[in-house]
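Here is my note on the model you asked me to look over. The points are numbered so that you can reply to each in turn.

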Amino acid sequence: MQKPGPRQICGTRFKDLKNRYRAEILKTKQDSWKKFCTDSVKSSPWKIYNTCKAGLARQPALISLTLPDGSDSTTAKETAIALLHKFFPDDHIAQDSIQQKSTRAQVAGSKPPASQAVPNFKNHEVEEVIRKLQDSKCPGPDATDGVIVKRMHLILPTLWTTLFNKCFLLGCFPEAWKRASVIAIPKMDKSKLHTVQGYRGISLLSIPSKCLVKLLIGRLNYFLESTRQIPPQQYGFTAGRSTADAITTVVRFVCCAGKLRTKCCLLAPDIAGAFDNAWHPGILARLWEQKCPLNIYSIVKDFLQD
C-alpha cells in the first residue's frame, strides 16, 4: 500500500484545522449572543427586541442609478433592467468580427462532433451529489430547496437519476431550470453605489438544475483529463490544485531565475466580468474541435441557449 505523500498529509491537516477553526468561530458567536441576552435582560428586555427588529429590517429598493451612458434611471423597473444588462450582457451579433462571424456560423451549421457518447449517470453518482446539498442554500424560483430534493430521493430513489439521464439522452436542459432569482449586492466601494458598476449580481438557481450541472461537470472534467486537454499550468477549477500551488510554482521560477542571475517578469491580468462575458459560440466551437462526447456537447449547447 502506497504511503500518503506530503500533499495528502498537509491537505488532511489543513482540513482538520479548518474544521476546528469554524467550530471555534461558531462557539464564540453563540457564547457572545448568550452573554448579550443575559446582560440585556438584567437592564431591559427591549434591547434584544430592538436588535432583532433592526436585523430584519429591509433595505429600501433601488429607484435611481447612473447608467453607463451617463443618464439616470427614473423607475425601479428601469433600474432593474439596467442591472440585468450589466450582470448578463447581450451577445450583439452586429458587433462580431470576421473571425467571430465564421465561428458563429460554424457552430450554427455544423453537425454534432463525431464522437461516442459517454455512459449515463449511475445511481451512486446522483446520490453523492444530492447528499452533499446544503440545506441552508436558498432555492431558485421553483422554491425547491435541498431538503425537498433529499426527501424526494429518499421516497423515490430512482426519480432524479431517471430524470437527469433523460435530459442527458435528449440533450435537453429544461428551460425552467435556466431561470434564476437575481439579487443585486452592493460592492465594498461605496463611492460607486449610485451607479450600476457598484453592484454585483448573484443568481439563485434551481437546486435540481445545480445537481444536473455538477453531474455534467464531472463527465466533462473526466473527458478533458483522460484526453490530457487540461494544460499543466491550469490551477483554477482543477481537482487537487489551488492558488497555493500556483504561488509555489511562481516562487520556484523566481528562485531559479535568481540562481541563474536572469531577469523574470510576472503578468497578472484581471479580466473584468470574465464569466459574464464568456462567448458562448467560442465555447461550443472549442468543445467541437476537441471532439467532446456527443451527449455532453448536445446538452451544453442547449444549456447555453435562451
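**Notes on the predicted model**

1. I start with G171, which counts as buried because its relative accessibility is 11%, under the 20% cut-off. Please keep in mind throughout that this is a predicted model. G171 sits in the loop between α7 and β1, the latter spanning residues 180-186.

2. What does G171 touch, leaving aside its neighbours within four places in sequence? Its contacts are S298, I299 and D302. With I299 the C-alpha separation is 4.0 Å, although the two positions lie 128 residues apart along the chain count.

3. I299 brings us to helix α11, residues 294-303. The buried residues of this helix are N295, I296, Y297, I299 and V300. In general, residues three or four places apart in an α-helix point the same way, because there are 3.6 residues a turn. The cover over the buried residues of α11 includes α4 (98-109), α7 (159-170), α8 (207-226) and α10 (280-289).

4. One of those covering helices, α4, holds R104. Is this arginine buried or exposed? R104 counts as buried, since its relative accessibility is 18% and the limit is 20%. Leaving out residues up to four places away in sequence, R104 touches two aspartates, D91 and D96, together with I93, W279 and P281.

5. On cysteines, a disulfide is a covalent bond between the sulfur atoms of two cysteines. How many disulfides does the model have? The count is zero. C211 takes part in none, and the nearest cysteine sulfur to it, that of C167, is 12 Å away. For C292 the closest cysteine sulfur is also in C167, at 17 Å, which is too far for a bond. C211 counts as buried at 1% relative accessibility, and C292 counts as buried at 0%.

6. The surface has a nonpolar patch of about 380 Å², made by V250, F253, V254 and L266. V254 belongs to helix α9, residues 243-260. Its relative accessibility is 39%, so V254 counts as partly exposed; the partly exposed class lies between 20% and 50%.

7. For the chain as a whole, there are eleven helices and two strands. Read from the N terminus, the order is α-α-α-α-α-α-α-β-β-α-α-α-α. The radius of gyration is 25 Å, well over the 19 Å that the globule rule gives for 306 residues, so the chain is more spread out than a compact globule. Along the principal axes, the C-alpha atoms fill a box of roughly 75 × 60 × 60 Å.

8. Burial and surface totals complete the picture. Of the 306 residues, 22% count as buried. The accessible surface of the chain comes to about 22,900 Å², and carbon and sulfur atoms account for 61% of that area.

9. How are the contacts distributed along the sequence? Taking contacts between residues at least 6 apart, 63% join residues at least 24 apart. The G171 and I299 pair, 128 residues apart along the chain, is an example of a long separation in sequence.

Terms used. Residues numbered from 1 in each chain as written. Predicted model: local features only at pLDDT ≥ 70, side-chain atom pairs only at ≥ 80, totals over all residues. Heavy atoms only, no water. Patch = residues over 30% accessible without salt bridge, like charges linked within 9 Å, V, L, I, M, F, W, Y side chains within 5 Å. Areas by Shrake-Rupley, 256 points an atom, 1.4 Å probe, with all protein chains shown as cover. Salt bridge = Lys/Arg side-chain N within 4 Å of Asp/Glu carboxyl O. Helix = DSSP H or I, 4+ residues; strand = E, 2+ residues; numbered from the N terminus. Buried < 20%, exposed > 50% of the residue type's maximum accessible area, 1.4 Å probe, protein only. Rg over C-alpha atoms; globule rule 2.2 N^0.38 Å. Contact = heavy atoms within 4.5 Å. Disulfide = S-S within 2.5 Å.
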